[in-house]
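Me: Hi! Could you walk me through a few spots in this model?
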Amino acid sequence: MTTLHSSRAARGTAGRARPFFWEEATEEWHAARGEGRRAEFPEYVTRKLRAVREGVGREAGTVASIRTIHRIFLPDGEPERLPDSYLAEHYTLTLFGLHQHAASSPVHQTGIGLGTACLRLQQSQALTESSVERRLIAAATAQDLHELEQHLRRLVPLLRQAGISVDYTRLFHEMTQWDGPGRNRVLRAWGLQYTDPGEEESDRAGEEPAPYWVTFVPGSRGTGAELAALRSGTGREAGTVAAMWPFHRTRMASEQRDRGSLTRDLMAEHTALTLFARHQQTHAHRMHLPGASPGTAAGLLARKAAAGSEGKSATASLEKRFGVLLTSGDSDELAAHLRSLIPLLNRASVELDYDLLRSALRVWDDPRRPHAASRLRQRWDHDFHHAATS
């Protein structure tokens with residue numbers, strides 16, 4: 001597969017006269033094969049590959065042999081700080097050189113994101129699933145671009161040994177965004193790519209994997225660490241918490257996964273996972289109970305409170321709290337009120353249906369379902385009063 005189209009697109013968006021070196025090298029290799037010549041890199045590309053490897057682990061802008069290979073040029077004079085795009089290109093060049101070393105065919109391949117590459121590495125069984133996952137999560141939690149490059153430098157040789165390619169143009173743009181607001185989309189794309197169920201599994205109609213709260217087995221090995229990982233996502237954007245990636249089950253089209261799309265389904269599942277983790281902790285039985293709507297759970301809580309020392313005042317307080325929850329204007333506000341309710345359910349050992357909760361979070365402010373929230377309000381209000389008084 002050639003990269004001519006992606007090269008031209010990158011040239012247009014970045015304002016460069018020439019393709020990136022990894023694109024140029026790949027085009028040269030494919031051109032030789034297309035012309036019936038021996039499929040190999042020309043001598044000038046081989047020399048440049050040696051040059052970029054000299055920059056591995058060295059500061060950007062200090063390696064003379066790489067300067068002419070850059071397509072992102074420094075402004076005139078001595079800049080106080082190197083532009084993010086220049087730093088990102090330096091790191092991408094050195095990673096490409098490390099990856100391409102001794103590989104017989106190009107390792108730059110359009111469309112192969114880092115998450116997809118790690119998924120293929122895991123599937124190759126060259127490393128255990130936990131080992132691959134640990135390396136990807138380490139990269140995803142890098143605090144800055146320099147730390148990210150260090151993690152990728154340890155990952156790239158493993159990809160090379162397994163014969164797995166990466167889209168280096170995409171990686172360059174992702175590294176450019178790492179220290180800015182674009183990082184969340186990069187993280188989400190990596191996580192969704194890594195957890196992609198594949199076309200064969202995705203095509204099975206009606207077979208969406210059971211969510212985590214359904215398959216959760218209290219007391220089984222590792223559950224404490226799993227719940228802690230899920231709680232770490234509280235208040236954070238869906239898909240951006242690497243520790244939560246293994247627990248997502250949301251299905252979406254491959255192109256959406258590849259772009260790191262923030263869908264309603266993903267946001268609803270993320271919130272439900274964090275709430276369940278908070279609800280489940282300290283309990284030896286599963287706190288997901290089919291049929292127990294938020295109204296039912298709050299009503300049972302009110303009935304328990306009425307039997308306590310505070311009596312009617314506690315019931316009135318809970319009814320007021322639940323009434324405020326019902327007035328939530330959007331799913332974010334609903335999630336915020338649920339976060340204050342869940343600790344009360346946890347302490348009182350009252351279960352909740354997390355399938356129903358996820359569905360509600362998904363449709364609460366969906367403009368395509370304008371009456372969904374009002375119907376849920378009526379149903380939950382009825383459930384509350386029925387559970388509180390029966």
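Reply: Happy to; we can talk about a loop aspartate, two helices and some charged pairs. This is a predicted model, where local features need pLDDT of at least 70, side-chain atom pairs count only at pLDDT 80 or more, and totals for chains, interfaces and linings use all residues. Residues are numbered from 1 along each chain as its sequence is written, and side-chain values use heavy atoms, with hydrogens and water left out.

Me: Great. Where is Asp353?
Reply: Asp353 sits in the loop between helix 18 (331-348) and helix 19 (354-363). Helices here are DSSP runs (H or I, at least four residues), numbered from the N terminus.

Me: What is the nearest side chain of opposite charge to Asp353?
Reply: That is Arg358, 8.6 Å away; Asp353 is buried yet has no salt bridge. Buried means under 20% relative accessible area, exposed over 50%, and partly exposed in between (1.4 Å probe, protein chains only). A salt bridge needs a side-chain nitrogen of Lys or Arg within 4 Å of a carboxyl oxygen of Asp or Glu.

Me: Which backbone nitrogens lie by the Asp353 side chain, then?
Reply: The backbone nitrogen of Gly291 is 2.6 Å from a polar atom of that side chain. At the start of helix 19, a side-chain oxygen of Asp353 also comes within 2.9 Å of the backbone nitrogen of Asp355.

Me: And which residues are buried in helix 19?
Reply: Tyr354, Leu357, Arg358, Ala360, Leu361 and Val363 are buried there. The buried residues of helix 19 pack against several helices, including helix 15 (264-280) and helix 20 (372-389); contact means heavy atoms within 4.5 Å.

Me: Switching topic: how many salt bridges are there in the whole structure?
Reply: A search finds 14. In one of them, Asp258 pairs with Arg170, the closest N and O atoms being 2.9 Å apart. Asp258 is in helix 14 (residues 254-259) and Arg170 in helix 9 (residues 168-177), so the pair ties together parts 88 residues apart in sequence.

Me: Are those two buried or partly exposed?
Reply: Asp258 is partly exposed at 24% relative accessibility, and Arg170 is partly exposed at 22%.

Me: What about Arg264 and Asp366?
Reply: Their side chains meet in a salt bridge at 3.9 Å, N to O. This pair links distant parts of the chain, with Arg264 in helix 15 and Asp366 in the loop between helix 19 and helix 20, 102 residues apart. Arg264 is partly exposed at 25% relative accessibility, whereas Asp366 is buried at 6%.

Me: Which residues are linked with them in a network?
Reply: Arg264, Asp365, Asp366 and Arg368 are linked in a network of salt bridges.

Note on methods: Helix = DSSP H or I, 4+ residues; strand = E, 2+ residues; numbered from the N terminus. Lys, Arg positive; Asp, Glu negative; His and termini not counted. Polar contact = N/O pair within 3.5 Å; in protein donor to acceptor, adjacent residues only side chain to side chain.
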